[in-house]
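This report looks at one helix, at the nonpolar cores and at two backbone angles.

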Amino acid sequence: MIRSGAVECLGCGHTKPTADYSKVNRTGDLRPYCKPCNAERVRLSHYNVTKDFIEQLWRYQGERCAICGDTGSTATRAAHIDHDHSCCKGNRSCGTCVRGLICSNCNAYALAWYEALPPHLRTFDLLNGYIQRPPARRLREEPPTDMS
């Protein structure tokens, strides 16, 4: 809803200035989501996961990087969604290959470098454990908890 130069975001529900919204097309129509909420929607769509799943996974991991345990990434938006690149051939993830939420250092340096090594050189137990039994898989395998 647009009111005097401000728009209520359908994602976060906050009323923000129109400058905080991207335009849909050349007509100048604004997207119904503010820029951060729209970016999050695109990110979740790319990995084929829901916001609820990412929040559950973040809590399951103890709100820390699934590899190094860094708590510096204090929000799910700051954490990188890691997935098995060998699973899906298209531009989008199937969702089941999502492994966990990791910090930018583990995403860019540790895991990318490690997975590029020949298998006989992959001898680091911490990374092998993460790759073989990632937190997202463990979360999916656990029976649902009774919320009553």
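The helix comes before the cores, and the table of backbone angles closes the report.

This is a predicted model, in which local features need pLDDT of at least 70 and side-chain atom pairs count only at pLDDT 80 or more, while totals for chains, interfaces and linings use all residues. Residues are numbered from 1 along each chain as its sequence is written, and side-chain values use heavy atoms, with hydrogens and water left out.

Helix α3 covers residues 104-116 (helices being DSSP runs of H or I with at least four residues, strands runs of E with at least two, numbered from the N terminus). Its 13 residues should span 18 Å at 1.5 Å a residue, and the 17 Å between its end C-alpha atoms agrees with this; the expected span is 1.5 Å times one less than the number of residues. Cys106, Leu111 and Tyr114 are the buried residues of α3 (buried is under 20% relative accessible area, exposed over 50%, partly exposed in between, with a 1.4 Å probe and protein chains only). These buried residues pack against β6 (80-83), β7 (98-102) and α4 (125-132), a contact being heavy atoms within 4.5 Å.

The largest nonpolar core has 13 residues, and Val49, Phe53 and Ile81 are among those with the most contacts inside it; such a core joins buried Ala, Val, Leu, Ile, Met, Phe, Trp, Tyr and Cys residues through side-chain atoms within 4.5 Å. Its largest share, 4 residues, comes from α2.

Most residues other than glycine have a negative phi, yet two residues here have positive values.

| Residue | Phi | Loop |
|---|---|---|
| Asn48 | near 55° | between α1 and α2 |
| Glu63 | near 55° | between α2 and β6 |
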